[in-house]
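Please look over the sequence and the model displayed below before reading on. The report is meant to be read with both in view.

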Amino acid sequence: MKELEKTKRISIATTLFILAVLIGLFTFKRPKNTFVYTAQQTLEKLAQHKYLASISEISDTNNVLIDIRNTFEFEKGSLNNAINIQPSEFLSEENLNLFKSFKKENKTVLLFGNNPEEVNLPYLLLSQLGYDNIKLLTLEIKYIQNNFFTKNSPVETYKNDINAFINESLKNSGSKIINKPKPKKKRIVVRQKKKKTAEGGC
């Protein structure tokens, strides 16, 4: 009798487990937006500095200007023909369709904000989603006595190839890069206090 009861419980548990797995499979939805490029591919792209655009590219009719600042700042003043899309709204269906249409039309999207640093993360998001027609506009926006001003804000770049310099100096010296062994972690030993012997008597 006990064996029959045990078998019933196992079969009920197995059936419930299979049902849970099936429900999970049928209700699973793939995320709408997935990254196209790996972190390595993104870093290689960034190292080439081909994602930067200067103020001189604003007048090109093949470029679309997108101001990522908030609505208040955008209404105070922005570049001519700029579209205001805040980063929090990038993944809305309407805006994703807009970015897709720009890509199909071979238009380059120039993202800008108050300064290039503000645009870094929005640029990386769109870039990793596969929009390779996005560039970061290197300009800085300022208001002086409520007048709108822009100026070029060059992003720091390496003037020299540091890896080539290191390799050349190693060749000339005949040295090799030696990986230093990692120092061993010191073990901390906690010593216990000796118990004192009881003194005195009854």
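The text that follows describes the overall fold, then the sheet, one helix, a hairpin and a few single residues.

This is a predicted model, in which local features need pLDDT of at least 70 and side-chain atom pairs count only at pLDDT 80 or more, whereas totals for chains, interfaces and linings use all residues. Residues are numbered from 1 along each chain as its sequence is written, and side-chain values use heavy atoms, with hydrogens and water left out.

**Overall fold**

The protein has six helices and seven strands, where helices (H or I, at least four residues) and strands (E, at least two) are DSSP runs numbered from the N terminus. Read from the N terminus, these elements follow the order α-α-β-β-α-β-α-β-α-β-β-β-α. Of the 202 residues, 23% count as buried; buried means under 20% relative accessible area, exposed over 50%, and partly exposed in between, with a 1.4 Å probe and protein chains only. The protein exposes about 16,800 Å², of which carbon and sulfur atoms supply 56%, the areas coming from the Shrake-Rupley method with a 1.4 Å probe, with only the protein chains shown counting as cover for residues. Contact means heavy atoms within 4.5 Å, and among contacts between residues at least 6 apart in sequence, 64% join residues at least 24 apart.

**The sheet**

Which order do the strands of the open sheet take? The five strands are arranged as 1-5-4-2-3, with parallel pairing, and the edge strands are strand 1 and strand 3 (83–84), each of which pairs on one side only. Two strands are said to pair if DSSP finds at least two bridges between them. Strands of a sheet pair through backbone hydrogen bonds, either parallel or antiparallel. Several of the pairings are set out here, together with the antiparallel pair formed by strand 6 and strand 7.

| Strand pair | Sense | Bridges | One bridge pair |
|---|---|---|---|
| Strand 1 (residues 52–53) and strand 5 (residues 134–137) | parallel | two | Leu52 and Leu136 |
| Strand 4 (residues 108–112) and strand 5 | parallel | three | Leu110 and Lys135 |
| Strand 2 (residues 63–67) and strand 4 | parallel | five | Asn63 and Thr108 |
| Strand 6 and strand 7 (residues 147–152) | antiparallel | six | Ile141 and Thr150 |

**Helix 5 and its crossover**

Strand 4, helix 5 (residues 116–128) and strand 5 make a right-handed β-α-β unit; a crossover is right-handed if, with the strands pointing away from the viewer, the path from the first strand over the helix to the second runs clockwise. Helix 5 has 13 residues and spans 18 Å from its first C-alpha to its last, close to the 18 Å expected at 1.5 Å a residue, the expected span being 1.5 Å times one less than the number of residues. A bend of about 30 degrees occurs in helix 5 at Pro122, the bend being the angle between axes fitted to the seven residues ending there and the seven starting there. The buried residues of helix 5 are Pro116, Val119, Pro122, Tyr123, Leu126, Ser127 and Gln128, and what covers them includes helix 2 (39–47), helix 4 (93–104), strand 4, strand 5 and strand 6 (139–144). Just after helix 5, Gly130 takes a positive phi of about 105 degrees.

Leu46 lies in helix 2 and touches Tyr51, Tyr123 and Leu124, not counting residues up to four places away in sequence. Leu46 and Leu124 are 78 residues apart in sequence, yet their C-alpha atoms are 9.5 Å apart in space. Leu46 counts as partly exposed because its relative accessibility is 21%.

**The hairpin and single loop residues**

In the hairpin of strand 6 and strand 7, two residues lie between the strands, and Gln145 takes a positive phi near 50 degrees. Beyond strand 7, Ser153 sits in the loop that leads to helix 6 (162–173). Is Ser153 buried or exposed? Ser153 counts as buried because its relative accessibility is 11%, and, leaving aside neighbours within four places in sequence, Ser153 is in contact with Pro116, Thr138, Leu139 and Glu140.

Asn81, in the loop between helix 3 (71–76) and strand 3, has a phi near 65 degrees, a positive value in a residue other than glycine, and counts as exposed at 75% relative accessibility. Asn106, in the loop between helix 4 and strand 4, has a positive phi near 55 degrees and is exposed, with a relative accessible area of 60%.
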